Amino acid sequence: MEDTATSGSHSDAPIIRIRDLVFRRGRRTILDGVSMNIRRGSIVAFMGPSGVGKTTILRLISGQLQPDEGSIEINGRQISSMPWRELKRFRRNIGVLLQDGALFTDLTVFENIATPVREHTELPEPLVRRLVMSKLNAVGLGGIEDRMPHELSGGMARRVAFARAVVLDPAIMLYDEPMTGLDPIAVSTVRTLMRETNDALGLTSIVVTHNVNQMSQLVDYCYIIASGRIAGEGPPGELKNSSQPSVDQFMNGKVEGPIPFHYQPPDTPWGLLD
Amino acid sequence: MASAETTLNRLTGPVREAGQCLMFLFRMLAGIRLNLSVIQAILQQTYLIGARSLVIIMICGFFVGMVLSLQAINALEQFGASDQVSLLVGKSLFRELGPVLTALLFAGRAGTSVTAEIGLMKATNQIEAMELMAIDPVQRIALPRFMAGVISVPLLTAMFNALAILGSVVFSIGVMDLDSGIYWSKLQTGIYFYKDFVGGLWKSLVFGGVVSLVAVYFGYSARPTGEGVGTATTNTVVLSSVLILIFDFIMTSFLT
Amino acid sequence: MRANYKVELASGIFLLLGIAALVWLATRATDYGQDIGKETYAITARFANVGDLRDRAPVKIGGVTVGMVESISLDPVSFEAVVHMNLASRFNEIPSDTGASVLTSGVLGDRYIGLEPGGAPDMLEEGDEIFITQSALVLEQIIGKYLFNTNEDKQE
């Protein structure tokens with residue numbers, strides 16, 4: 001088991017420290033002893049095939065799920081033992097960009113970005129407006145604040161979601177497949193945004209993705225997750241040339257390898273009136 | 001062993017589901033905080049699910065009133081009692097048809113769209129995004145829609161009844177040439193305010209709560225896929241229709 | 001927030017329309033608002049049988065509603081139905097020997113109380129009782145009389 005995730009090049013104290021994380025869903029073990037340290041200011045990617053628990057790690061870090069064993073420390077504070085009220089306050093420090101952006105379809109762009117501000121602060125309306133507009137301008141979309149989400153293109157919606165995620169100036173950004181369904185131009189726009197915000201605001205970013213090529217230019221460090229464990233780690237350039245079979249299979253997209261092609265589906269849950 | 005477990009699941013399933021539904025209601029009502037933004041959200045939903053059902057409710061009400069009068073006059077004519085038509089129409093409207101038909105129409109028109117909307121929000125990760133922002137999605141999404149339903153259904157029932165009476169007036173007085181004075185005075189002496197009118201109002205309030213709860217619950221517990229949302233929408237119509245009729249019987253037996 | 005302006009207006013209109021429909025129905029299509037006024041005086045009358053007379057049934061003289069049945073109770077001694085009714089104070093010149101009968105409006109209609117004014121010089125007042133009463137005609141008894149031609153009536 002690859003336990004010592006600390007890379008020698010990371011000198012200062014890690015912002016996120018994960019120790020021996022185990023998470024089960026029913027009888028299925030999703031994560032089985034994952035440990036890693038994530039350095040402040042870096043962009044880290046969790047890569048791996050679909051359905052191996054990459055997104056689960058994000059949810060564990062954001063405190064949405066509780067681990068069965070092991071611990072997650074953020075800035076030296078235990079997430080898993082935090083009472084709910086404190087966790088709510090703590091989540092202000094974490095911005096999340098979910099798959100497809102997840103804009104609230106019943107609100108205008110402005111209200112979408114303003115929602116976390118209104119929820120977590122008592123700022124007066126003019127200040128809220130200034131804050132929202134500055135973030136909207138930062139993603140290059142000033143002037144669309146009164147539109148509804150369904151009037152936006154996919155790339156625009158993703159940028160609005162990005163503005164919403166960073167509106168409270170979080171310390172950590174979590175991205176869950178941020179590029180899914182975007183055209184190449186939008187991909188590079190979002191990628192530039194991610195890099196620039198990360199460096200300008202001193203964020204730490206974690207990106208979950210299965211798309212190797214889109215991410216390899218962006219991220220500083222990579223964890224390959226397979227079968228609930230970390231199968232390999234390192235800067236993306238090094239991983240490409242890894243000799244380890246599952247890393248090689250994933251990074252270079254081979255059908256044959258230790259990661260199985262077939263997957264046993266779980267029992268379908270009971271449903272009313274089927 | 002597995003099949004025994006499945007059978008047990010099938011038997012206890014509906015009970016569990018009902019329990020979950022009730023827990024959901026408590027969760028919704030326990031966290032209720034009435035501030036300006038919540039009231040605004042409720043108002044907005046009242047428009048979206050209530051006001052938008054208005055036209056269909058009014059059209060249906062008008063024709064129900066007409067057909068009721070037609071049937072009633074046909075039947076009463078044989079006894080020479082066609083001037084009782086307003087009483088018959090009024091009683092059946094206030095007590096049964098108004099609340100029940102409005103609630104059924106509301107389940108089809110608004111209940112389904114609420115379920116589908118919440119289900120799609122779930123499928124597109126909006127619910128999860130809210131949880132991540134530490135916003136309670138039950139309060140933010142489910143509660144306004146539930147409250148709007150509870151407010152809308154009695155009002156829609158009133159409009160259904162008003163239009164049905166209007167339809168009955170048009171047919172009985174306009175077409176069949178009954179005396180309008182007799183028509184109104186029969187209503188005003190024969191329909192009891194507390195028993196018929198207020199009783200019907202209670203019914204529609206309960207129906208509104210039932211349909212809205214079922215709609216938001218199924219939306220919220222839908223599997224986050226297109227197929228799951230479709231199933232949930234169907235379930236909303238089926239279950240809320242059945243529940244409306246069951247509650248109608250229960251309430252009628254207690255009210256009278 | 002600007003975009004919500006129309007929505008708020010529309011839902012406001014919807015609420016107002018709904019409430020208007022409620023009020024219209026309550027006042028035009030039910031017996032609410034058919035009250036005889038606040039100023040009333042109470043009288044009682046005893047009947048052997050009131051049929052299916054109900055609370056809030058109208059009390060009429062010559063077809064004009066002058067009051068309303070307040071409650072109906074049973075005299076535990078004589079087993080007569082005691083009908084308490086309120087008459088509007090503006091009809092305060094009803095002779096004390098007025099008779100009361102339980103009548104039916106139409107063939108299948110509701111029961112009401114009809115008053116037939118007498119000729120006595122003093123008038124009915126608060127708490128008075130009407131002594132000349134006629135019970136409700138019960139359909140089965142009438143049919144029974146016809147069929148078996150029996151003139152002995154249990155109730156008389």
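User: Which elements of chain A have the lowest and the highest mean pLDDT, and what makes pLDDT a confidence value?

Analyst: Among the elements of chain A, helix α9 (residues 245-251) has the lowest mean pLDDT, 73, and helix α4 (residues 125-138) the highest, 89. By definition, pLDDT is the predictor's confidence in each residue, from 0 to 100. Helices here are DSSP runs of H or I with at least four residues, strands are runs of E with at least two, and both are numbered from the N terminus. This is a predicted model, in which local features need pLDDT of at least 70, side-chain atom pairs count only at pLDDT 80 or more, and totals for chains, interfaces and linings use all residues. Residues are numbered from 1 along each chain as its sequence is written, while chains are lettered from A and ligands numbered from 1 in the order in which they are written.

User: Where in chain A is the pLDDT below 50?

Analyst: Residues 1-11 of chain A are below 50, and beyond near neighbours in sequence this stretch has 13 contacts in the model. Residues 268-274 of chain A also stay under 50. Where pLDDT is low, the predicted coordinates should not be read in detail. For chain A as a whole, the mean is 79, with 88% of its residues at 70 or more.

User: What makes β6 and β10 of chain A edge strands?

Analyst: Two strands pair if DSSP finds at least two bridges between them. β6 (94-97) and β10 (229-234) of chain A each pair on one side only, so they are edges. They belong to an open sheet of 6 strands with the order β6-β7-β8-β3-β9-β10 and mixed pairing. On its paired side, β6(A) has 4 bridges to β7(A) (residues 172-176), running parallel; there A:I94 stands opposite A:I172.

User: How do you know that the length of α2(B) fits a helix?

Analyst: The expected span is 1.5 Å times one less than the number of residues. The 15 residues of α2(B) (residues 36-50) should therefore span 21 Å, and the end C-alpha atoms are 20 Å apart, which agrees.

User: Why are residues of α2(B) called buried?

Analyst: A residue is buried if 20 or more other C-beta atoms, placed from the backbone, lie within 10 Å of its own (exposed at 12 or fewer, partly exposed in between). Residues of α2(B) that are buried include B:A41, B:I42, B:L43 and B:Y47.

User: How many residues of chain B are in contact with chain A?

Analyst: Contact asks for C-beta atoms, placed from the backbone, within 7 Å. On that basis, 19 residues of chain B are in contact with 18 residues of chain A. The largest share of chain B's side, 5 residues, comes from α5(B).

Terms used
Contact = placed C-beta atoms within 7 Å.
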